[in-house]
Amino acid sequence: MAIHTDYEDIPGTYVFNGRRCREAFQLNMFCKSLDKPENRDRFRADPTVYLDEFAMTPEQRKTIEDRDWLGMLHLGGNIYYTFKLAIFDGLSMQHVGGMMSQMTVDDFRAMMVTGGRPVQGNTSKAENAKNG
Amino acid sequence: MARIVAGVGTSHVPAIGAASDHGKDQDPYYKPLFDGYEPAREWIKKVNPDVIFLVFNDHASAFSVEVINTFVLGVADGYNPADEGYGPRKVPYVQGHADFSSHINESLIFDEFDIAIANQMDVDHGLTVPMTIMFGKPDAWPCQVIPFCVNVIKYPQPTAARCLKIGRAIRKAVESYPEDLRVAVFGTGGMSHQLQGERAGLINQEFDTMFLDNLQDNPEKLANISHTEFMREAGSEGIELIMWLIMRGAMENPREVYRHYHVPISNSAGGLICFEEAGE
């Protein structure tokens, strides 16, 4: 049940709504757990055992194991949570931004320095479909 | 009586804190950004607030998806910088003002704004980066801080209109506190940015300029922006700008004294706007 769904028209955007928040509760709580140094040590020591503590779906777990940043979002992950895993891996937001948008980190950085991703052509799936 | 003397709207991008902490603020990438903060730092010294009411959001640091509150007021004596995965930022402990917080809590609830409170809360870059932006690197922050945390992560965030209204209620709460205090209100987050998905890196300078141009005199126009329009135009994380409307609501007759805008900081547009309250 949703009152508004017009945000689904925004391209490349996974709004963290009630459904996604429920669906990925365990995935996001796993990511959240990495803000404690003792948990980071345990995860580093044995990822399999550590991940067993979080009742994710096999698909969600695979996105974590594969560091499939976009896949995590598809299955309900929220960027502020998934970024904690990126921090664990020593990655910056440019790395993750590039990987989610199929760009190299250098290309992504260059795009930001020249004003970022333009809004033109990036606001509406329906408009984009109409314009081919 | 306590009174609101100034308002600040500012981005709180974590990279700003990291650049300051690691002495990179004069690197070519950051220099234009930090140079633009200097006039604001001089100005806030003259404003000399006793207390900052600081509106920000927690980024899965103090809170998680276990319990999601829309508005949380810090009521503690003080707040530690949070460990966001790198260890806590080495910035000063944040001194609170528990009695003033408690008064604001009562005033807001009796005014029918049913906020939650936090007796213990570590504060992440959402709060500490605006302090760095305005005060640099002191051994101790020059004033007390009352943190006010807004859910901007889990949809639906509070409406922009609600944010403007709660800002007005905060003004009423501040003005009914008997201690003679100079209060500055900070609204933080934004400006346009999207961290997630294929649209990561989105920046909309036109939207940001429109937002800055209307904040002083047409806040009602900004309060009518829907969730979808914020996310579409300013990026999914650009909806943080609703927190600037809480600051605006807390000001009665703001007069813009300074503005600074710079792209990019990490994956965001950085904005800063300073207001004085007329007659103060």
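The questions and answers below go through a predicted model of two chains, A and B.

Residues are numbered from 1 along each chain as its sequence is written, while chains are lettered from A and ligands numbered from 1 in the order in which they are written. In this predicted model, local features need pLDDT of at least 70 and side-chain atom pairs count only at pLDDT 80 or more, whereas totals for chains, interfaces and linings use all residues.

Reader: How many helices and strands does chain A have?
Author: Helices (H or I, at least four residues) and strands (E, at least two) are taken as DSSP runs, numbered from the N terminus. From the N terminus on, the elements of chain A read α-α-α-α-α-α-α-α-α-α. The C-alpha trace of chain A spans about 50 × 40 × 20 Å along its principal axes, and the count for this chain is 10 helices and 0 strands.

Reader: What radius of gyration does chain B have, and why does it agree with a compact globule?
Author: The C-alpha atoms of chain B fill a box of roughly 45 × 45 × 40 Å along the principal axes. The radius of gyration is taken over C-alpha atoms, and the globule rule is 2.2 Å times the number of residues to the power 0.38. Because a compact globule of 280 residues would have a value near 19 Å, chain B agrees with the rule at 17 Å.

Reader: What share of the residues in chain B is buried?
Author: A residue is buried if 20 or more other C-beta atoms lie within 10 Å of its own, exposed if 12 or fewer, and partly exposed in between, with C-beta atoms placed from the backbone. By this count, buried residues make up 38% of the 132 residues in chain A. For the 280 residues in chain B, the share is 56%.

Reader: Which helix gives the most residues to the side of chain A that touches chain B?
Author: Two residues are in contact if their C-beta atoms, placed from the backbone, lie within 7 Å, and 42 residues of chain A are in contact with 32 residues of chain B. The elements of chain A that give two or more residues to this side are H2 (25-33), H6 (69-74), H7 (79-88), H8 (93-100) and H9 (105-113). With 6 residues, the one that gives the most is H7(A).

Reader: Which residues of H2(A) are buried?
Author: H2(A) is one of the helices that give two or more residues to the side touching chain B. What covers its buried residues includes H4 (47-51), H5 (58-66), H6 and H7 of chain A. The buried residues in H2(A) are A:Leu27, A:Asn28, A:Phe30, A:Cys31 and A:Lys32.

Reader: Which strands lie at the edges of the open sheet in chain B?
Author: Two strands pair if DSSP finds at least two bridges between them. The open sheet has 8 strands with mixed pairing, in the order S6-S3-S7-S2-S8-S1-S10-S9. Each edge strand pairs on one side only, and these are S6 (116-118) and S9 of chain B.

Reader: How many residues of strand S10(B) are buried?
Author: S10(B) runs antiparallel to S1(B), residues 3-10, with 5 bridges, and B:Val8 stands opposite B:Cys274. S10(B) also runs antiparallel to S9(B), residues 254-265, with 9 bridges, and B:His260 stands opposite B:Leu272. Residues pointing one way from S10(B), including B:Leu272 and B:Cys274, and those pointing the other way, including B:Ile273 and B:Phe275, are all buried. Of the residues in S10(B), which covers 268-277, the buried number is 10 of 10.

Reader: At what angle does helix H4(B) run to S3(B)?
Author: Axes are lines fitted to C-alpha atoms, for helices over the stretch in contact, and angles run from 0 to 180 degrees between N-to-C directions. S3(B), residues 71-74, pairs with S7(B), residues 144-150, in the antiparallel sense over 3 bridges. H4(B), residues 98-110, lies across S2, S3, S6 and S7 of chain B, and its angle to S3(B) is about 150 degrees.

Reader: Which residues have the most contacts inside the largest nonpolar core?
Author: A nonpolar core is a set of buried Ala, Val, Leu, Ile, Met, Phe, Trp, Tyr and Cys residues joined through C-beta atoms within 7 Å. The largest one has 119 residues, and H6(B), residues 160-175, gives the most to it, with 8 residues. Leaving out residues up to four places away in sequence, B:Met243 touches several others, among them B:Val55, B:Phe56 and B:Cys163. The residues with the most contacts inside this core are B:Leu54 and B:Met243.
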